[in-house]
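Reader: Could you take me through one part of this protein in close detail? I would enjoy a friendly walk along a single element, with its surroundings added as you go.

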Amino acid sequence: RQSQHRRLINQMNRHKLKTQIKKLRTAITSGKPAEAKALLPETFSLIDKSVQKGVIKQNTGRRYKSRLTKSVNGQAA
């Protein structure tokens with residue numbers, strides 16, 4: 001029972017993370033730099049929480065943050 005409960009919690013956390021990253025990537029590709037910059041701190045927070053909860057590994061979180069920042073900054077230029 002406990003492992004089933006943890007599985008559901010992990011699924012929810014993973015789903016939240018993936019949804020937030022998709023929102024940010026959509027804002028980047030649709031050419032809305034203001035919206036993308038606004039979503040960036042939210043997404044970073046969720047990535048950090050996911051790393052803390054063990055949904056993703058630390059290096060994976062750092063890689064996501066790096067690439068997302070690069071694409072948001074590249075879009076503004």
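Author: Happy to. Let's begin with the length of helix 1: its 28 residues, at 1.5 Å a residue, should span 40 Å, and the end C-alpha atoms lie 41 Å apart, so the two values agree. Please keep in mind that this is a predicted model.

Where does this helix sit in the whole? The protein has three helices and zero strands, and from the N terminus on the order reads α-α-α. The C-alpha atoms fill a box of roughly 50 × 20 × 15 Å along the principal axes.

Now for the residues of helix 1 that are hidden from solvent. The buried ones are Asn 13, Leu 17, Gln 20, Ile 21, Leu 24, Ala 27 and Ile 28. In the protein as a whole, buried residues make up 25% of the 77 residues.

Asn 13 deserves a pause. This residue belongs to helix 1, which covers residues 2-29. Its relative accessible area is 12%, and because the cut-off for buried is under 20%, Asn 13 counts as buried. What does Asn 13 touch, once its neighbours within four places in sequence are left aside? The partners are Ser 50, Lys 53 and Val 55.

Further along, we can look at helix 1 from the other side of a contact. Thr 43 lies in helix 2, residues 33-53, and is buried at 0% relative accessibility. Beyond its neighbours within four places in sequence, Thr 43 is in contact with Gln 20, Ile 21, Leu 24 and Leu 68. Gln 20, Ile 21 and Leu 24 are among the buried residues of helix 1 that you met above.

Contacts of this kind can be put in a wider setting. Among the protein's contacts between residues at least 6 apart in sequence, 56% join residues at least 24 apart.

What happens just after helix 1? There, Gly 31 takes a positive phi of about 75°.

To finish, a few words on rings and surface. A search of the whole structure finds zero aromatic pairs. Two charged ends do sit over rings, though: that of Lys 65 over the ring of Phe 44, 5.4 Å from its centre, and that of Arg 63 over the ring of Tyr 64, 6.0 Å from its centre. As for the outside, the accessible surface of the protein comes to about 5700 Å², and 52% of this belongs to carbon and sulfur atoms.

Methods
Residues are numbered from 1 along each chain as its sequence is written. This is a predicted model: local features need pLDDT of at least 70, side-chain atom pairs count only at pLDDT 80 or more; totals for chains, interfaces and linings use all residues. Side-chain values use heavy atoms; hydrogens and water are left out. Helices (H or I, at least four residues) and strands (E, at least two) are DSSP runs, numbered from the N terminus. Buried means under 20% relative accessible area, exposed over 50%, partly exposed in between (1.4 Å probe, protein chains only). Contact means heavy atoms within 4.5 Å. Accessible areas come from the Shrake-Rupley method with a 1.4 Å probe; for residues, only the protein chains shown count as cover. Rings of Phe, Tyr and Trp (its six-membered ring) pair if their centres lie within 6.5 Å; planes under 30 degrees apart count as stacked, over 60 as edge-to-face and the rest as tilted. A charge sits over a ring if NZ of Lys or CZ of Arg is within 6 Å of the ring centre and within 35 degrees of the ring normal. The expected span of a helix is 1.5 Å times one less than its number of residues.
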